[in-house]
Amino acid sequence: MASEDSAILSEQPATPFHDIDHYLAIPRVGGLTLSPDGKRLVTTVATLNSKGTEYVTALWELDPAGEKHARRITRSAKGEAGAAFASTGDLYFTSARPDPENPDEDPVSALWQLPADGGEARVVLSRAGGVSHVMSARDAGATFVTASVLAGSPDEEADEARRKSRKDNKVSAILHSGYPVRYWDADLGPDQPRIFAVEPGEDKERGRPATVDAAAPLKLRNLTPGVAGMLRNADAVASPDGKTIYTSLDKPLAKADSRSVLVAIDVATATQRVLLDREGMSYFAGPVSPDNRTLVVMSESDTTPHQAPQVKLHLLDVSAPGEPEANLRPLAHDWDRWAIKAAWLPDGSALLVTADDDGASPVFRITVPESAAEVSVARVTRDAAAYTDVVVSPDGRSAYALRSSYEFPPEAVRIDLASGDVTRLPAPAERPRIQGSLERIEVTAADGTRISAYLALPDGASAQNPAPLLLWIHGGPLGSWNAWTWRWNPWLLAAKGYAVLLPDPALSTGYGQAYIQRGWGEWGKAPYTDLMEIMDAAVRRPDIDASRTAAMGGSFGGYMANWVAGQTDRFDAIVTHASLWALDQFGPTTDASQYWLKEMTADMALANSPHLHVEKISTPMLVIHGDKDYRVPIGEGLRLWYELLSKSQQAADGDGRTPHRFLYYPDENHWILQPQHAKVWYGVVEHFLAKNVLDRDVPLPADLGL
C-alpha cells in the first residue's frame, strides 16, 4: 500500500504550472455580490468538466466574517451565473439548466430564484430568447433583467413565434441597416437587447389548491421599446428606490460613427429622458447615491489622431431642476488616473473606486463634499495587487472585493476601510503554489520617463544558471500588466525554465495621461523603444541569458511583436497572437472601425504598419489566429502568414520549407476559450520556443495529429 501511495505522489507535478492539465483544472473565481444585510457574499466559480472540454460555473457562498468555510449553493451541468441579491435577500441568477417542473421544454437561459430562507432554486421566469443579466434595486422590491428581442416583435408572444420560425426554417440571415454588425466574436442581430421590469403576472390558476410555496407567475414589462440596437454596449444601473434606470445608449451618427449618451428611464411610465449628450464625448452610468439624488457619471472623450482619450468621473444631481448638464460637476479631475467601478459608502460621504496605478489596481476612496475644492483621493489598499468587483458592507466599515496579482489568481477578500488591512476570506479552492520569484524592475527612457516591468524568474535562476528570457507585450494598448491572467500566465513558462518580462511601455494605463500620450498615434516609436530599453536592462542581469531570448504578444501585443520582428533581429523567436499586421487593411475590417479610424490618419497607419517591413524579418515567427476573431479579423493572420512565406528572409524554400509556423483555430475568437485548445496553444508555443531558443526538440501536442 505504501508503495502505491509513493507512486501516486511521484506522479504529482511540482506545481500546477508544471503540468498543463493540472493548470487547466485550477478553479477560477469571478464576480461578487453582497446581500442587503451584509451577511451573505456570493461568487461564481468555474471548474473544468469531467471531459476537460469546457468550464462550468456554479455559485458559492462565502462568509463575510471569514469564520465559515465556503460552500457551493448551486450545481448543474449547464452552470449558473449573474448572481444578484434582491432587497428581500432572495438570490437571483441565470442558468440554462432544465426546469425540473417543465422537463420537456427546451432549456434556455432563464431567471432562477434561490429563497433567502433556504430551499431549492426554481425558475421564476423563462422566455424563448433567454435572460442575460439581472439587476435589483437595493431598497425596493424591484427586479430588472436584460433580455434580447427580435427587432420586429411587438410583444413576447410574437417574439417567441418569430424565433420558432427562424429555427424551424434554419434561417440565420441578418439584414443590417446600421453599424456595427459584429462585436468581438458575436454577429449582431437580429436580436436586440432590452431592459425589462420583472412584475407579477396573471395567475390563471388562482384559487386552485396548492402548497404554501406556490407563487404567482412573473411577467416582463419592456422599459426600452424603440431603442433598436443602442443598448448593446450599455451598462445600466438602478436607483436604490427602484424608480429609475440610468443607462448609456449608443447614439448613431453620420458616416457610421456613434457615441454613448446618458439617459434616465422612468420605471413607472417607461419614458426616457436624455441627460447628457455632447459632441465628442461619451457618457456611462455609475452607481446612484444611497439617497437617490446623485449619479456617478464616467465620461470618455473621443480620440483624434493626435489626442488620446481622457476618462473622467463626474457627479450628476438628478434631483435638481433645470438642464442636467448644468447640474454636472467634476469629481477629482486633478487626479491623473482612470477610475472605474465606483461604489458608494452607505452614508454618501465618499466613493470607492479602483484604478490602474504603477503595476497594481488598488482601491481608492474619493470624498464627495459640497465643494469641489474639498475633494480628496486616498489610496485604501496598500499591496501591489489588482482589485475588482468592490461591494460595501451596510455599516460602511468594510468592503469586499476580488483581489489578484501575478502571485495568485482572483480571491475574495475583506478590506477594513479605516486601516486598509486586507483579509483573505475562506475560499472555494486553495491558492496554486508557484515555484520561482517575482520582481519589479525599471529603467529610465531617453526622454527621462520611468519604464516599469514585472520579471517572473524560474526557480534556480542565477549567474551560474542564467535563464532564457521571454519578452511578453500586453494588449490593449490601453492596459497594464497588473492582474492575474489565465490566458497569458508567466508561471507556465517559468516552470519550463524561462524568465518572463512583463513591461508597461508607453500607452499603458496606470502611469498618467502623459504616459499614454507619449505613444499615441505613434505605436512604432515610444512603445517600441520603451520595450527595447527595459529589455536591455533585463538582459544585463547576471541571472538572465542574453543569448537566448524571444518576444511574444497578443492583440496590440501581437502588433508590437510583428513590429519588433521587422525592426530588429535580436530575438531567436517571435510569437504573435491575434495580431494586427496591415493597418490599412485592419482599420475598415475590424468590428469597431468607427473607433479605429479616428485614432490614426491613413498616413499614420501606414507609417506604423508592420507589413511594410516584412522583407527585413529574419526571425522565425509563430502566427496564431482564430477565425471567429472579429476585433482583429482573420485576414490579418492570413495575410501575415502568406507574406512571411513569400517575402520574409525566412520565406519558404524550393521545397516549401520554412521555420515559420501558423497555428489556426477555425472556431476560436480573439482569445482561446476552450480548455483543450489552450492546452494545444501552450504545447505549440513550448515546442516552437524550445526549437528556436533552446535548440531542443519538444514534441508537439498529439491532438494536432502530426
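Student: At what angle do helix α6 and helix α7 pack, and how far apart are their axes?

Tutor: In this predicted model, helix α6 (residues 526-539) packs against helix α7 (residues 556-567) at about 75°, and the axes are 11 Å apart. Two packed helices are described by exactly this pair of values, the angle between the axes and the distance between them.

Student: Why are α6 and α7 called roughly perpendicular?

Tutor: The term covers angles of 65 to 115 degrees. The angle here is about 75°, and α6 and α7 are therefore roughly perpendicular to each other.

Student: Which residues of α6 and α7 make the contact?

Tutor: From α6 come P527, Y528, L531 and M532, and from α7 come F556, M560, W563, V564 and Q567. The criterion for such a contact is heavy atoms within 4.5 Å.

Student: How do the residues of this contact divide into nonpolar, polar and charged?

Tutor: Eight are nonpolar, one is polar and none is charged. Gln is not among the residue types that count as nonpolar or charged, so Q567 of α7 is a polar residue of the contact.

Student: What makes β19 and β22 the edges of their sheet?

Tutor: The sheet is open and has four strands in the order β19-β20-β21-β22, with antiparallel pairing. β19 (281-288) and β22 (328-331) each have a single partner strand, so each has one side without a neighbour in the sheet. On average, neighbouring strands are turned by 35° against each other, direction ignored.

Student: How do you know that β21 and β22 pair, and how many bridges join them?

Tutor: Pairing requires at least two bridges between the strands. Four bridges join β21 (residues 311-317) to β22, so the requirement is met, and the two strands run antiparallel. One of the partnerships places L316 with L328 of β22.

Student: Which strands stand at the edges of the sheet that contains β24 and β25?

Tutor: That open sheet also has four strands, ordered β23-β24-β25-β26, and its pairing is antiparallel. β23 (339-344) and β26 (377-379) stand at the edges, since each has a single partner strand and one side left without a neighbour in the sheet. The twist averages 30° from one strand to the next.

Student: What makes β24 and β25 a pair, and over how many bridges?

Tutor: The threshold is at least two bridges. Strand β24 (residues 350-355) and strand β25 (residues 363-367) have five in the antiparallel sense, so they count as paired. Within this arrangement, L351 stands opposite I366 of β25.

Student: How many cavities of 30 Å³ or more are there?

Tutor: The count is three. Empty space of this kind is shown by rolling a probe the size of a water molecule over the atoms. The largest cavity has a volume of about 170 Å³.

Student: Which residues are the closest to the centre of the largest cavity?

Tutor: They are V29, P410, E411, A427 and A429, out of 20 residues in its lining. Two elements, β1 (28-34) and β29 (408-416), give two or more residues to that lining, and β29 gives the most, with four. The classes of the lining are 14 nonpolar, one polar and five charged residues.

Student: Which residues line the second largest cavity?

Tutor: Its lining consists of V311, K312, L313, L331, A332, H333, W335, R337, W338 and A339, around a space of about 60 Å³. β21 provides the largest share, three residues. By class, seven residues are nonpolar, one is polar and two are charged. Lys and Arg count as charged, so K312 and R337 are the charged residues of this lining.

Student: What is omega of the peptide bond from G189 to P190, and is the bond cis or trans?

Tutor: Omega is near -5°, and the bond is cis. P190 is found in the loop between β12 (186-187) and β13 (191-200). The peptide bond from G476 to P477 is also cis, with omega near 0°, and P477 is in the loop between β33 (467-473) and α4 (490-494).

Student: What is phi of W184, and is the value positive or negative?

Tutor: Phi is near 55°, a positive value in a residue other than glycine. W184 is found in the loop between β11 (182-183) and β12. Most residues other than glycine have a negative phi, and most peptide bonds are trans.

Key: Residues are numbered from 1 along each chain as its sequence is written. This is a predicted model: local features need pLDDT of at least 70, side-chain atom pairs count only at pLDDT 80 or more; totals for chains, interfaces and linings use all residues. Side-chain values use heavy atoms; hydrogens and water are left out. Axes are lines fitted to C-alpha atoms, for helices over the stretch in contact, and angles run from 0 to 180 degrees between N-to-C directions. Angles under 35 degrees count as roughly parallel, over 145 as roughly antiparallel, 65 to 115 as roughly perpendicular and the rest as oblique. On a 1 Å grid over the protein atoms alone, a cavity is a set of points where a 1.4 Å probe fits but cannot get out, and a pocket is an open set with protein on both sides within 12 Å along at least five of seven lines; lining residues have an atom within 4 Å of a point. Grid points are joined across faces, edges and corners, and a volume is the space filled by probe spheres set on the points.
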